[in-house]
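Here is a short set of exercises to work through with the model open beside you. Each one gives a task, and a worked solution follows.

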Amino acid sequence: MNAVTTFVRGASRLFLDSLLPPQCLSCDGIVDTPGNLCADCFSKFTFITPPCCERCGIPFEGAIIDDLLCGACVREPPTFTRARAAFIYDAQSRGLVLKLKHADRTDTIVHLARWLQRAGADLVKSCDVIVPVPLHRWRLVTRSYNQAALLANALGKYTGKPVVPDALARIKATPSQGNLNRTARHRNVARAFAVKRTKAITDKRVLLIDDVLTTGATADACAHTLLAAGATTVDVLVLARVPTPGSSME
Ligand SMILES: [Zn+2]
Ligand SMILES: [Zn+2]
């Protein structure tokens with residue numbers, strides 16, 4: 001789909017949205033105000049709230065004191081400083097995430113930027129620039145757009161923080177991560193990225209945006225590349241994350 005078609009579809013959807021009652025972001029049921037989940041979806045989504053691992057943001061069960069790290073971060077600390085997610089990536093939320101990946105539902109992005117901001121308020125506040133995880137060019141062709149870049153742009157617009165959409169490039173097409181274990185995934189994405197806009201990230205606190213965090217291998221590889229190119233710190237903010245490190249639902 002080319003840019004004009006995307007624009008026309010987007011514009012006609014905006015027009016239709018003004019005529020039709022607002023729909024749930026996940027199931028398309030009717031809701032009172034645009035950009036919300038219906039009561040049924042809301043009750044099934046697992047939004048992430050404290051307490052969670054200070055480093056990777058994985059939620060802890062029960063009451064635990066703040067500033068605690070999960071076992072995985074103690075054993076093998078990630079390259080990024082902190083990661084946060086709005087909700088758990090599970091059977092319920094997968095539909096919403098897949099819509100962003102594979103369907104023409106870019107209109108929901110603006111609402112999801114609000115969720116990102118809420119989940120990562122501290123990270124947004126302390127960052128200098130927002131950078132999306134890039135897609136490889138052939139994936140850009142098959143999917144028409146990079147949902148991480150759309151999220152990054154929407155978050156930038158919502159928060160007033162500068163976005164550098166092309167700061168990172170994928171220099172190696174990584175095979176789909178779906179069937180790989182944690183070690184294989186890390187190997188798969190190592191040296192897969194390059195910084196294209198060095199000046200824009202040098203001495204900057206970077207906030208990296210993606211749609212889903214699974215093993216953290218992609219985020220880690222991006223963080224490694226950004227830090228090697230002179231970024232001060234790299235935080236990661238995503239819509240959804242798997243409930244336990246290393247589990248896979250892509
Ligand atoms: Zn719903
Ligand atoms: Zn952790």
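**Exercise 1. A helix and its surroundings**

How many residues does helix α11 have, and what distance does it reach from its first C-alpha to its last? Then decide whether α11 is enclosed or open.

*Solution.* Bear in mind that this is a predicted model.

Step 1. Helix α11 covers residues 217-228, which gives twelve residues. From its first C-alpha to its last it reaches 16 Å, close to the 16 Å expected at 1.5 Å a residue.

Step 2. Now look at burial, where the cut-off is 20 or more other C-beta atoms within 10 Å. The residues of α11 that pass are Ala217, Thr218, Ala219, Asp220, Ala221, Cys222, Ala223, Thr225 and Leu226.

Step 3. Nine of the twelve residues are buried, so α11 is largely enclosed by the rest of the structure.

Step 4. Follow the chain onward and you meet Gly230 after α11, with a positive phi near 115°.

**Exercise 2. Two helices that cross**

Describe how α5 and α8 are placed relative to each other, and list what lies between them.

*Solution.*

Step 1. Take α8 by itself: it has 13 residues and reaches 18 Å from first C-alpha to last, close to the 18 Å expected at 1.5 Å a residue. Its buried residues are Gln147, Ala148, Leu150, Leu151, Ala152, Ala154, Leu155, Gly156 and Thr159. Gly160 follows α8 and has a positive phi, near 80°.

Step 2. Bring in α5, residues 109-119, whose axis comes within 8 Å of that of α8, residues 147-159, and crosses it at roughly 70°.

Step 3. Angles of 65 to 115 degrees count as roughly perpendicular, and α5 and α8 are therefore roughly perpendicular to each other. The crossing is right-handed.

Step 4. On the α5 side, the residues that meet α8 are Ile109, Val110, Leu112, Ala113, Arg114, Leu116 and Gln117. Their partners in α8 are Leu150, Leu151, Ala154, Leu155, Tyr158 and Thr159. Sorted by class, this contact has ten nonpolar, two polar and one charged residues.

**Exercise 3. Buried, exposed or partly exposed?**

Classify Arg170, Asp210, Gly216, Arg197 and Asp203 by their C-beta neighbours within 10 Å.

*Solution.* The cut-offs are 20 or more for buried and 12 or fewer for exposed, with partly exposed in between.

Step 1. Arg170 is in strand β3, residues 168-170. It has 21 other C-beta atoms within 10 Å and is therefore buried. Its C-alpha is separated by 5.7 Å from that of Ala192, which is 22 residues apart from it along the chain.

Step 2. Asp210 belongs to strand β5, residues 205-213. Its 25 C-beta neighbours inside 10 Å make it buried. Setting aside neighbours within four places in sequence, Asp210 is in contact with Val133, Ala148, Thr218, Ala219 and Val238. Of these, Ala148 is among the buried residues of α8, while Thr218 and Ala219 are among those of α11.

Step 3. Gly216 sits in the loop between β5 and α11, and its 27 C-beta neighbours inside 10 Å count it as buried. Gly216 and Ala83 are 133 residues apart along the chain, and their C-alpha atoms are separated by 9.1 Å.

Step 4. Arg197 is found in the loop between β4 (193-195) and α10. With 16 other C-beta atoms within 10 Å, Arg197 is partly exposed. Beyond its neighbours within four places in sequence, Arg197 has contacts with Val164, Asp166 and Ala167.

Step 5. Asp203 has 9 C-beta neighbours inside 10 Å, so it counts as exposed.

**Exercise 4. Backbone exceptions**

Which peptide bond is cis, joining Pro50 to which residue, and what is the phi of Asp203?

*Solution.*

Step 1. Start from the background: most residues other than glycine have a negative phi, and most peptide bonds are trans.

Step 2. The bond joining Pro50 and Pro51 is cis, with omega about 0°. Pro51 is in the loop between α2 (39-44) and α3 (71-75).

Step 3. Asp203 has a positive phi near 60°, although it is a residue other than glycine. You will find Asp203 in the loop between α10 (198-201) and β5.

Definitions and conventions
Residues are numbered from 1 along each chain as its sequence is written. Chains are lettered from A and ligands numbered from 1 in the order in which they are written. This is a predicted model: local features need pLDDT of at least 70, side-chain atom pairs count only at pLDDT 80 or more; totals for chains, interfaces and linings use all residues. Axes are lines fitted to C-alpha atoms, for helices over the stretch in contact, and angles run from 0 to 180 degrees between N-to-C directions. Helices (H or I, at least four residues) and strands (E, at least two) are DSSP runs, numbered from the N terminus. Angles under 35 degrees count as roughly parallel, over 145 as roughly antiparallel, 65 to 115 as roughly perpendicular and the rest as oblique. A crossing is left-handed if the near helix is turned anticlockwise from the far one by less than a right angle, and right-handed if clockwise. Two residues are in contact if their C-beta atoms, placed from the backbone, lie within 7 Å. Ala, Val, Leu, Ile, Met, Phe, Trp, Tyr, Cys and Pro count as nonpolar, Asp, Glu, Lys and Arg as charged, and the others, Gly among them, as polar. The expected span of a helix is 1.5 Å times one less than its number of residues.
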